Amino acid sequence: MARHEFSADVRLRPGQPVRTCVGCRKPAPAADLLRVVARQTGPEGWVVVPDPGRRLPGRGAWVHPDRRCLGQAEKRRAFGRALRVSGSLDTAALGLAIGTDHATEPHPQQSSTS
């Protein structure tokens with residue numbers, strides 16, 4: 001198995017699980033990321049819903065609670081691959097959750113002085 005070198009920020013928090021954001025592809029502590037799962041709405045339709053409690057059943061994916069990461073994940077179609085779902089994916093509920101709950105949080109990889 002390959003070993004991955006994590007950034008200094010991730011290494012400063014030993015003992016915490018590390019996950020990779022499906023949007024920006026940066027590793028981060030799981031506490032800094034939002035878990036999402038897919039729920040089936042019909043024979044071919046799926047909706048991506050946030051799982052802030054990290055308790056919903058099923059395969060999960062992780063994304064920074066930031067519109068840029070959400071946009072990158074949608075553009076790259078990363079949710080379908082990460083959640084192993086084929087068919088159409090609706091991310092509107094996730095966009096609303098990120099837009100209302102976390103709009104004021106800066107992205108962890110960017111400084112607040114720029």
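The following exchange covers the fold, core, helix α2 and salt bridges of a predicted model.

Trainee: In what pattern do the helices and strands follow along the sequence?
Mentor: The chain holds four helices and six strands. Read along the sequence, their pattern is α-β-β-β-β-β-α-α-β-α.

Trainee: For contacts with a separation of 6 or more, what percentage comes from residues 24 or more positions apart?
Mentor: The chain has 114 residues, of which 35% are buried. Among contacts with a separation of 6 or more, the share from residues 24 or more positions apart is 55%.

Trainee: Which element gives the largest share of the largest nonpolar core?
Mentor: This core has 23 residues, and Val22, Val36, Val63, Phe79, Leu83 and Leu94 touch the most other members. Two or more residues each come from β3 (34-40), β5 (60-63), α2, α3 and α4 (92-101). The largest share is four residues, and the element that gives it is α3.

Trainee: Which residues does Val22 touch, leaving out those up to four places away in sequence?
Mentor: Val22 is among the core residues that touch the most other members. Beyond four places in sequence, the residues in contact with Val22 are Ala61, Trp62, Val63, Ala73, Arg76, Ala78, Phe79 and Ala82.

Trainee: Is Gly80 buried or exposed?
Mentor: Gly80 is part of helix α3 and touches Val85 and Leu89, residues up to four places away in sequence being left out. Its C-alpha is 9.5 Å from that of Trp46, at a sequence distance of 34 residues. The relative accessibility of Gly80 is 17%, and the limit for burial is under 20%, so Gly80 counts as buried.

Trainee: How wide an arc do the buried residues Cys69, Leu70 and Ala73 cover around the axis of α2?
Mentor: Cys69, Leu70 and Ala73 are the buried residues in question, and they belong to α2. They lie on the same side of α2 because the arc they cover around the axis is only 100°.

Trainee: Which exposed residues sit on the face of α2 turned away from its buried side?
Mentor: The buried side of α2 includes Cys69, Leu70 and Ala73. On the face turned away from that side, the exposed residues are Arg67 and Lys75.

Trainee: Which residue caps the N-terminal end of α2?
Mentor: The capping contact runs from a side-chain oxygen to the backbone nitrogen of Arg68, at 2.7 Å. The side chain of the capping residue also meets that of Arg68 in a salt bridge of 3.0 Å, N to O. Arg68 is partly exposed at 43% relative accessibility, whereas the capping residue is buried at 8%. That residue is Asp66.

Trainee: What phi does Arg77 take, just after α2?
Mentor: Arg77 is in the loop between α2 (67-76) and α3 (78-83). With 67% relative accessibility, Arg77 is exposed. Although Arg77 is not a glycine, its phi is positive, at about 55°.

Trainee: Where does Arg25 lie?
Mentor: Arg25, a residue other than glycine, has a positive phi near 65°. Its place is the loop between β1 (18-20) and β2 (27-29).

Trainee: How many residues apart in sequence are the parts tied together by Arg35 and Asp51?
Mentor: The side chains of Arg35 and Asp51 form a salt bridge at 2.4 Å, N to O. Arg35 is in strand β3 and Asp51 in the loop between β4 (45-50) and β5, so the pair ties together parts whose sequence separation is 16 residues.

Definitions and conventions:
Residues numbered from 1 in each chain as written. Predicted model: local features only at pLDDT ≥ 70, side-chain atom pairs only at ≥ 80, totals over all residues. Heavy atoms only, no water. Buried < 20%, exposed > 50% of the residue type's maximum accessible area, 1.4 Å probe, protein only. Core = buried A, V, L, I, M, F, W, Y, C linked by side-chain atoms within 4.5 Å. Contact = heavy atoms within 4.5 Å. Arc of directions from axis to C-beta. Polar contact = N/O pair within 3.5 Å; in protein donor to acceptor, adjacent residues only side chain to side chain. Salt bridge = Lys/Arg side-chain N within 4 Å of Asp/Glu carboxyl O.
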